[in-house]
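Subject: Structure for you to look at

Hello,

Here is the structure I promised to pass on. Please open it before reading further; my notes follow below.

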Amino acid sequence: MYWLSFKKKQEKPVTGLILPGGGARNAYQAGVLKAIGDMLPEDAPNPFPVICGTSSGALNAVLLASSASRFREGVDRLYGIWANFHVGKVFKTDAWTAIKSGFRWATTFLLGGLGKGQPRSILDNSPLRGLLESHIRFARIQQAIDSGDLDAVSITASGYTSGLSVTYYQGKEQLKPWKRTRRVGQPTELTLNHLMASSAIPVLFPAVKLRNEYFGDGSMRQTAPLSPALHLGANRLLIIGVRNPKPDTPDEDDRKTPFPTFGQISGYIFDTLFMDSLDADIERMRRVNHTITETKDKYVTYKDSSLRQIDYLVISPSLDIREIVARYVDNFPRSVRVLLKGIGALTREGRPLMSYLMFDAPYCKELMELGYEDGMAAREQVLHLLGYDELIEEEQAG
């Protein structure tokens with residue numbers, strides 16, 4: 001956990017919630033949010049006027065946004081969905097689908113892509129579409145905006161043709177779209193297709209067409225994951241990551257280092273895809289904050305805008321999720337285990353990949369319990385960020 005606080009600002013605090021992608025690891029976010037719901041008063045309004053999600057984090061973001069008028073109820077619903085997950089609710093796991101997919105990909109490679117009907121993805125995630133359709137009421141997002149319980153919600157997807165990172169947002173009328181290098185913000189009425197596009201992990205899940213372009217996972221081109229919340233009016237941030245910040249260290253005995261399998265490389269790619277841009281953006285914001293505090297007037301002008309200090313709190317797993325997933329490998333359906341074994345993902349080195357794909361209730365529950373504990377451990381920081389200092393004072397006085 002990292003915490004930085006600056007002088008009290010005169011402007012009204014607007015807290016943005018940042019939910020990056022992470023596949024099954026995003027169950028951790030549900031646990032942290034459950035802790036926040038429990039630490040706030042029962043009648044507390046939605047503490048996050050701005051909610052931004054990417055990839056599977058977008059699923060959490062939109063479900064919360066659709067329940068913004070009843071924050072605690074929305075958190076409980078989110079918690080319940082993750083607590084009842086299994087792989088079959090995300091992608092098809094029957095043996096015939098696995099064999100058919102494997103055959104199509106093998107044929108494509110052997111024929112050099114000359115065959116008909118080239119495969120669009122390794123996995124068929126149509127079950128996820130059905131799950132989301134049954135749990136998310138998109139009309140309630142606008143209702144929450146109209147009632148003042150929500151300022152904006154955004155999800156980000158990556159365009160395969162344009163190469164742009166597009167943040168689709170739905171919010172108050174006065175919010176303005178933005179355009180930066182390789183990233184834009186576009187107002188829209190969010191739909192299920194936007195969610196499926198944002199969570200379409202490359203190669204694993206099929207791309208989704210939005211208007212005249214196919215889109216994939218929003219993490220691919222998202223070089224500034226914190227930016228959408230700031231464009232949408234947030235001036236303080238709660239960021240819920242899904243990776244333990246402790247770096248890995250290679251084995252000192254080079255003879256024990258095996259050649260990386262496809263499963264290990266895939267997990268490494270996922271780690272880079274979902275987390276590295278977020279870590280880099282947090283570090284960049286920390287440097288900007290420090291620069292501003294060192295200036296005489298406490299602000300810095302850049303081109304046609306002024307940079308401002310941003311209070312923020314990062315909550316991330318206190319334990320290594322890769323060690324947790326090792327206890328649940330046998331919970332994968334047999335067809336999935338065969339596929340993962342074939343690419344070397346069932347080894348210790350392949351655990352990162354497994355940790356992203358293990359959409360299984362026992363594993364998700366353990367991640368949520370960890371998230372709840374980490375959230376409660378940051379109770380004072382969370383309450384301070386959300387403007388509930390009186391609760392801290394009452395607790396200290398009691």
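Start with the second largest cavity. Its lining comprises 17 residues, and Pro20, Gly21, Thr54, Gln222 and Pro225 are those nearest the centre. Bear in mind throughout that this is a predicted model.

The space in this second largest cavity comes to about 120 Å³. Four elements each give at least two residues to its lining: β2 (15-19), β3 (50-54), β4 (152-159) and α9 (262-294). The biggest share comes from α9, with four residues. By class, the lining holds nine nonpolar and eight polar residues, and no charged ones.

How many cavities of 30 Å³ or more does the whole structure have? The search finds three. The largest has about 200 Å³ of space. Its lining takes in 21 residues, with Ser56, Leu59, Trp82, Phe85 and Leu128 nearest the centre. Here the elements that each supply at least two lining residues are α2 (56-66), α3 and α5 (126-135). The lining of the largest cavity splits into 15 nonpolar and six polar residues. No charged residue is found there.

Next, the strands. β5 (residues 165-171) runs parallel to β7 (residues 183-187), and five bridges join them. Within that pairing, Val166 has Val184 of β7 as its bridge partner. β7 also pairs with β6 (residues 178-180), this time antiparallel, through three bridges. Val184 turns up again here: Lys179 stands opposite Val184 in β7. Put together, Val184 is the partner of Val166 and also faces Lys179.

β6 and β7 form a hairpin, with two residues between the strands. Look at Arg182, in the loop between β6 and β7. Its phi is near 65°, a positive value in a residue other than glycine. Is Arg182 buried, partly exposed or exposed? Its relative accessible area is 46%, so Arg182 counts as partly exposed.

A second arginine is worth a look. Arg211 sits in the loop between β8 (208-210) and β9 (213-217). It is not a glycine, yet its phi is positive, near 60°. The relative accessibility of Arg211 is 80%, so this residue counts as exposed; the cut-off for that class is over 50%.

Last, helix α13 (residues 361-377). What should its 17 residues span, at 1.5 Å a residue? The expected figure is 24 Å, and the end C-alpha atoms of α13 are 24 Å apart, so the two agree.

The buried residues of α13 are these:

- Ala361, Tyr363 and Cys364
- Leu367, Met368, Leu370 and Gly371
- Asp374 and Gly375

When you view that list, recall the helix repeat. An α-helix has 3.6 residues a turn, so residues three or four places apart point the same way.

What do the buried residues of α13 pack against? Among the helices, their partners are α1 (27-39), α3 (71-83), α10 (321-325), α12 (351-357) and α14 (379-385). A strand, β13 (311-315), is also one of the partners. Note that α3 has appeared before: this helix also supplies at least two residues of the lining of the largest cavity.

To go through these points on screen, I would take the cavities, then Val184, then the two arginines, then α13.

Best wishes

Conventions:
Residues numbered from 1 in each chain as written. Predicted model: local features only at pLDDT ≥ 70, side-chain atom pairs only at ≥ 80, totals over all residues. Heavy atoms only, no water. Pairing = 2+ DSSP bridges. Expected span 1.5 Å × (residues − 1). Buried < 20%, exposed > 50% of the residue type's maximum accessible area, 1.4 Å probe, protein only. Contact = heavy atoms within 4.5 Å. 1 Å grid on protein atoms, 1.4 Å probe; cavity = no way out; pocket = protein on both sides within 12 Å on 5 of 7 lines; lining within 4 Å. Points joined across faces, edges and corners; volume = space filled by probe spheres on them. Nonpolar A, V, L, I, M, F, W, Y, C, P; charged D, E, K, R; others polar.
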